[in-house]
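The following exercises are intended for a reader who has the sequence and the coordinates at hand. Please attempt each task before reading its solution.

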Amino acid sequence: MSSNADLLNALKIDRNAPPPSSRKGLWIALAAVAAVLLAVLGWFVFGRDTGIAVRTAEAMAIGNGAGGSASVLDATGYVVARRMATVSAKIPGKVREVLIEEGQRVEEGQVIATLDPIDAEQQRMLSASQLAAAQSQAAGVQAQLKEAEANAARLAPLAAQKLVSRAQLEQAIAQRDSLRAQVATAQRNAQVAGDALRISAQGVDNTIVRAPFAGVVIAKAAQPGEIISPMAASGGFTRSGIGTIVDMESLEVEVEVGEAFIGRVKPGMPTEAVLNAYQDWKIPGRVIAIIPAADRGKATVKVRVGLDARDPRIVPDMGVRVGFLEDAKPADAAAKPGVLVPAAAITQRDGNDVAFVLAGDAVQQRTLQLGRTLGEDREVLAGLAGGDAVVLDPPEQLADGARVRLADATAGADGR
């Protein structure tokens, strides 16, 4: 009996006992991980098409329909005056009166200041006295000459009749000739004294400072009682000018254009200027000149732009943005909006000018109708639209529908 009971007890399941150890689940997990890694590796090796690495740039629209003008280039600069002068006196002196204020308009020749004229007046009076003395001396010598001429004329017939000696006649003639020379010298001295008087009078006039041209006073530099000198002085108590006058009719715009884009600008080209202070005011104008010199430090070329408008709101040194416009098309011309693309985006395929446009991860080949060359860019009249991403320097193996990838994450930006 006991042996049977032991056998039955042996068949009972001990639910408190720990489960037997097994590694079957571990092997299943490791197999699953290995399968995933193999799948990823296989996709990287066989499943992914890398495509051709390319760089792109965006086509920029420049056309806006018939009869209009579009900007081919924008540049920033400042309003400048071609006629601007810091007015000073011709001579040094003490300022007696200043007759201008900032913002005042003056006319050409208007008196704007006066200097103390005491020294100049004294010099003029001295020159007048010297002229009077020279004239008196010339008159005295002239009287002596008249007497000597009469003497010589009276002795000549007497010497011929042997009534006086020949020596007396010759002495009278010598005295007459000497007085003639003295009269000529006295007259020249009187003329020199007259010239000195005119110079002294000009010195008095130089104490009056006048406006050299019509304009507006933008700075008042001197006050009554200050010493002014046309030459720059080393001390801090001498002024070099009375004030600064600007001819508002000579205002224009000066901008700096990068060397890479100066080919787009031509003399006489229409422009549109917008002052930083008046963003909604568009001022028409034209290119006056391209300065034939470049700044090697900034790689720019200066361009002078004339403004068609004359307005008190336009003042020197204002910031301005200038758009250089293409010539307006006739009203009856067909509207052909164009775009600008880098010349590096245009290549040849089967004798045609083409470009490759990015479409997703592939490219489309477009046949182009080309226009002008503007610096490093080309105008495209047909085949592209503004905003298209074109491939730069397309390789020979690139064809329509080819898969591509960007060579750089930032290559989609405008590469110009």
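The exercises below concern a predicted model, and each is followed by a worked solution.

**Exercise 1. A residue in strand β5**

Task: Determine whether V95 is buried or exposed, and identify its contacts beyond its neighbours within four places in sequence.

Solution.
- Step 1. Locate the residue: V95 belongs to strand β5, which covers residues 93-98.
- Step 2. Assess accessibility. The relative accessible area of V95 is 3%. Buried means under 20%, so V95 is classed as buried.
- Step 3. List the contacts. With neighbours within four places in sequence set aside, V95 touches T114, L115, A222, Q223, P224, G225, E226, I228 and I242.
- Step 4. Compare sequence with space for one of these partners. I242 lies 147 residues from V95 along the sequence, while their C-alpha atoms are 8.9 Å apart.

**Exercise 2. Two packed helices**

Task: Describe how helices α3 and α4 pack, and place P157 in this setting.

Solution.
- Step 1. Recall the description required: two packed helices are described by the angle between their axes and the distance between the axes.
- Step 2. Apply it. Helix α3 (residues 118-160) packs against helix α4 (residues 166-205) at an angle of about 165°, and the axes are 7 Å apart.
- Step 3. Classify the angle. Angles over 145 degrees count as roughly antiparallel, and α3 is therefore roughly antiparallel to α4.
- Step 4. Add the handedness: the crossing of α3 past α4 is left-handed.
- Step 5. Turn to the proline. P157 is part of helix α3, and its relative accessibility of 42% makes it partly exposed. The C-alpha atom of P157 is separated by 9.6 Å from that of L169, a residue twelve positions away along the chain.

**Exercise 3. The nonpolar cores**

Task: Identify the elements that contribute two or more residues to the largest nonpolar core, and state which of them gives the largest share.

Solution.
- Step 1. Establish the core. The largest nonpolar core comprises 28 residues, and those with the most contacts inside it are V253, V255, L275, V303, I314, V322 and F324.
- Step 2. Assign the contributing elements. Two or more residues come from each of β3 (71-81), β13 (251-258), β14 (270-275), β15 (278-295), β16 (300-307) and β17 (319-325).
- Step 3. Find the largest share: β3 supplies it, with five residues.
- Step 4. Note what lies apart from this core. Another core has 18 residues, including V209, F213, V217 and I245.
- Step 5. Relate this to a general tendency: in soluble globular proteins, nonpolar side chains tend to be buried together.

**Exercise 4. The surroundings of β14**

Task: Explain why β14 is described as largely enclosed, and identify how many bridges join it to β15 and to β17.

Solution.
- Step 1. Examine burial. Of the six residues of β14, five are buried, and the strand is therefore largely enclosed by the rest of the structure.
- Step 2. Consider β15. β14 pairs with β15 in the antiparallel sense over six bridges, with T271 opposite G285 in β15. The two strands form a hairpin with two residues between them.
- Step 3. Consider β17. Here the pairing with β14 is also antiparallel, and five bridges are found. E272 faces G323 in β17.

**Exercise 5. An open sheet**

Task: Work out the strand order of the open sheet that contains β23, and identify its edge strands.

Solution.
- Step 1. Begin with β18. Strand β18 (residues 339-342) and strand β23 (residues 377-382) run antiparallel and are joined by four bridges; L340 has E379 in β23 as its bridge partner.
- Step 2. Continue to β22. Strand β22 (residues 369-374) pairs antiparallel with β23 over four bridges, and T373 is bridged to R378.
- Step 3. Inspect the turn. β22 and β23 form a hairpin with two residues between them, and G375 in the turn has a positive phi of about 65°.
- Step 4. Assemble the order. The four strands form an open sheet in the order β2-β18-β23-β22, with antiparallel pairing.
- Step 5. Assign the edges. β2 (60-61) and β22 each have a single partner strand, so one side of each is left without a neighbour in the sheet.

**Exercise 6. Positive phi outside glycine**

Task: State where A299 and D350 are found, and classify the accessibility of A299 and of D350.

Solution.
- Step 1. A299 is not a glycine, yet its phi is positive, near 55°. A299 lies in the loop between β15 and β16 and is partly exposed, at 33% relative accessible area.
- Step 2. D350 likewise has a positive phi, near 55°, in a residue other than glycine. D350 sits in the loop between β19 (347-349) and β20 (352-359), and its relative accessibility of 79% places it among exposed residues.

How values were computed:
Residues are numbered from 1 along each chain as its sequence is written. This is a predicted model: local features need pLDDT of at least 70, side-chain atom pairs count only at pLDDT 80 or more; totals for chains, interfaces and linings use all residues. Side-chain values use heavy atoms; hydrogens and water are left out. Buried means under 20% relative accessible area, exposed over 50%, partly exposed in between (1.4 Å probe, protein chains only). Contact means heavy atoms within 4.5 Å. Two strands pair if DSSP finds at least two bridges between them. A nonpolar core is a set of buried Ala, Val, Leu, Ile, Met, Phe, Trp, Tyr and Cys residues joined through side-chain atoms within 4.5 Å. Axes are lines fitted to C-alpha atoms, for helices over the stretch in contact, and angles run from 0 to 180 degrees between N-to-C directions. Angles under 35 degrees count as roughly parallel, over 145 as roughly antiparallel, 65 to 115 as roughly perpendicular and the rest as oblique. A crossing is left-handed if the near helix is turned anticlockwise from the far one by less than a right angle, and right-handed if clockwise.
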